[in-house]
Amino acid sequence: YKEKGVFTLAKACENLKSVNCIFLGGNKNEPEFKQLQKFAENSKVIPYVKHSDVPKYIADADLLVIPNSAKDKVFAEDTSPLKLFEYMASGKKILASDVPAIKAILNEKMAWFFQADDVDDLRKKIIEALNSEDDKGMLAAREAKKYSWKERAKEILAFLDI
C-alpha cells in the first residue's frame with residue numbers, strides 16, 4: 001500500500017541497477033499491486049506468499065527495508081508492523097524510514113534510517129547499508145528478544161498484577 005511506502009522504495013530501486021529489489025506481499029487483484037508491478041520493472045514483485053515461506057526470503061536478503069510513509073499519521077506514528085520484529089529477529093541489516101513508530105523500537109545502533117518519502121535519500125541509504133561492514137543486525141536481533149510473545153505476556157501479567 002502507498003501508506004507503507006512501497007512506491008517510494010520502488011522509485012528508489014529504479015536506478016539501482018546493481019541491486020536486486022524484491023517486493024513481497026500484496027494480492028494480484030489489488031490495484032496498488034498491479035501498479036507496483038508496472039512501476040518496478042527492474043525489480044521482482046511477488047504476490048502474496050504464505051507466512052511460513054517468508055523466513056526463506058528474509059534469509060536470502062542482504063537488506064530488509066521498512067519504507068513507511070510519513071504522510072499517513074497511522075503508519076508514521078501508531079503502527080507496529082510485525083515484519084519489523086521478524087526483521088529484527090533475523091539479524092539481517094535493516095533500513096527503515098525515520099518515522100516515530102519505527103524509531104520507538106529501533107535506533108541507529110540497530111538499523112539505518114532514511115528520510116521518509118525521500119526517494120533520493122532512500123537510494124543513498126540502500127547503497128550505504130549494503131556496503132557497510134557494520135553488524136547492526138545482530139544488535140537488532142538481541143533487542144528483538146524483548147518483544148517475544150513470552151515477554152509480552154510477562155508485561156501484561158505484571159500490568160494486571162497477577
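In this predicted model, Cys21 lies buried, with a relative accessible area of 11%. Its disulfide partner is Cys13, and the two sulfur atoms sit 2.2 Å apart. Cys13 is buried too, at a relative accessible area of 1%. Because the torsion about the S-S bond of Cys13 and Cys21 is about -90 degrees, this disulfide is left-handed. Readers looking for further bridges of this kind can stop here: a search of the whole structure finds one disulfide. As a reminder, a disulfide is a covalent bond between the sulfur atoms of two cysteines.

Attention turns next to the sheet. Three strands make up an open sheet, ordered β3-β4-β5, with parallel pairing. The edge positions belong to β3 and β5, each of which has a single partner strand, so one side of each is left without a neighbour in the sheet. From one strand to the next, the twist averages 20 degrees. In general, strands of a sheet pair through backbone hydrogen bonds, either parallel or antiparallel.

The register of the strands can be followed residue by residue. Strand β3, residues 63–66, pairs with β4 in the parallel sense over four bridges, and here Leu64 stands opposite Ile94 of β4. On the β5 side, β4 is joined in the parallel sense over three bridges. Two positions help to locate this pairing: Leu95 has Trp112 of β5 as its bridge partner, while Ser97 stands opposite Phe114 of β5.

How is β4 placed with respect to the rest of the structure? Five of its five residues are buried, so β4 is largely enclosed by the rest of the structure. Both faces of the strand are covered, with Lys93, Leu95 and Ser97 buried on one side and Ile94 and Ala96 buried on the other.

Helix α8, spanning residues 136–144, has Lys136, Gly137, Ala140, Ala141, Glu143 and Ala144 as buried residues. These cover an arc of only 160 degrees around the axis, which puts them on the same side of α8. The pattern is a familiar one: an α-helix has 3.6 residues a turn, so residues three or four places apart point the same way. The buried residues of α8 pack against α5 (82–90), β4 (93–97) and β5 (112–114).

Several of these elements meet again in the nonpolar interior. The largest nonpolar core holds 24 residues, and those with the most contacts inside it are Leu84, Met88, Ile94, Ile102 and Leu106. At least two residues of this core come from each of α3 (54–60), β3, α5, β4 and α8. The element that gives the most is α5, with four residues. Leu106 offers a handy view of the surroundings: leaving aside its neighbours within four places in sequence, Leu106 is in contact with Leu84, Met88, Ile94, Ala96, Ala111 and Phe113. A second, separate core has 22 residues, including Phe7, Cys21, Leu36 and Phe114. This second core thus returns the reader to the starting point, since Cys21 is one of the two cysteines of the disulfide.

Key:
Residues numbered from 1 in each chain as written. Predicted model: local features only at pLDDT ≥ 70, side-chain atom pairs only at ≥ 80, totals over all residues. Heavy atoms only, no water. Buried < 20%, exposed > 50% of the residue type's maximum accessible area, 1.4 Å probe, protein only. Arc of directions from axis to C-beta. Contact = heavy atoms within 4.5 Å. Pairing = 2+ DSSP bridges. Disulfide = S-S within 2.5 Å. Axes fitted to C-alpha atoms, helices over the stretch in contact; angles between N-to-C directions. Core = buried A, V, L, I, M, F, W, Y, C linked by side-chain atoms within 4.5 Å.
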